Amino acid sequence: MTVTYKKGMEDPFVAKIQQKLMDLNYMDDDIPTEKYGNSTTQAITYFQRKNGIKQTGKAGKKTLKLLFSDEAKTYTVTKGDDGNDVHEIQDRLVELGYIDKITGHFGDETV
């Protein structure tokens with residue numbers, strides 16, 4: 001039986017998941033914990049988005065296999081992405097006067 005890690009779970013392996021997410025820049029460098037909380041869920045969602053996996057925020061067999069492989073892509077935000085991270089980037093761009101509105105979608109104006 002394969003475990004699917006999800007929000008609210010506590011397990012020693014969660015610390016290994018978090019460390020790998022930190023190594024790939026999906027999470028801020030910190031001390032890994034055994035708790036699969038909001039930060040881990042968000043980081044896994046971004047990892048899934050970047051690596052072309054259905055975005056569930058859960059770390060199942062497919063996500064874990066890719067996360068711990070040499071093919072895992074590091075965190076970047078690119079044209080076509082949607083999410084809270086894009087919203088945060090756009091918020092700063094509005095503050096600096098580069099764009100006029102926040103959409104949460106990384107489109108031509110954000111580029």
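**Group meeting: a four-helix chain**

The structure holds 4 salt bridges. I start there, and I should say at once that this is a predicted model.

Side chains of opposite charge can pair when their charged atoms come close. One of the pairs here is R49 with D81, where the closest N and O atoms are 3.8 Å apart. What parts of the chain does this pair link? Distant ones: R49 sits in helix α2, while D81 sits in the loop between α3, residues 61-67, and α4, residues 84-95. The two residues are 32 apart along the chain.

Now the overall layout. The chain has 4 helices and 0 strands. Reading along the sequence, you get the pattern α-α-α-α. The C-alpha trace spans about 50 × 25 × 20 Å along the principal axes of the chain.

Next, the stretch around the end of the helix α1. That helix covers residues 12-23, and D23 lies in it. On the surface, D23 joins D28, D29 and D30 in a patch of negative charge.

Between α1 and α2 there is a loop, and N25 is in it. What is the phi of N25? It is near 70°, which is a positive value, and the residue is not a glycine. For background, most residues other than glycine have a negative phi.

That brings me to the pockets. Rolling a probe the size of a water molecule over the atoms shows where empty space is left. The largest pocket in this model has a volume of about 290 Å³. It is lined by 18 residues, and the closest to its centre are Y26, M27, D28, S39 and T40. Which elements give two or more residues to that lining? They are α1 and α2, the latter being residues 38-50. Of these, α2 gives the most, with 5 residues.

Some residues come up twice. D28 belongs to the negative patch, and D28 is also among the residues closest to the centre of the largest pocket. Helix α2 holds R49 of the salt bridge with D81, and α2 also gives the most to the pocket lining.

That is the end of my part.

Terms used. Residues are numbered from 1 along each chain as its sequence is written. This is a predicted model: local features need pLDDT of at least 70, side-chain atom pairs count only at pLDDT 80 or more; totals for chains, interfaces and linings use all residues. Side-chain values use heavy atoms; hydrogens and water are left out. Patches are made of residues with over 30% relative accessible area and no salt bridge: like charges are joined within 9 Å, nonpolar side chains (Val, Leu, Ile, Met, Phe, Trp, Tyr) within 5 Å. Accessible areas come from the Shrake-Rupley method with a 1.4 Å probe; for residues, only the protein chains shown count as cover. A salt bridge is a side-chain nitrogen of Lys or Arg within 4 Å of a carboxyl oxygen of Asp or Glu. Lys and Arg count as positive and Asp and Glu as negative; His and the chain ends are not counted. The place of a charge is taken as NZ of Lys, CZ of Arg, CG of Asp or CD of Glu. On a 1 Å grid over the protein atoms alone, a cavity is a set of points where a 1.4 Å probe fits but cannot get out, and a pocket is an open set with protein on both sides within 12 Å along at least five of seven lines; lining residues have an atom within 4 Å of a point. Grid points are joined across faces, edges and corners, and a volume is the space filled by probe spheres set on the points.
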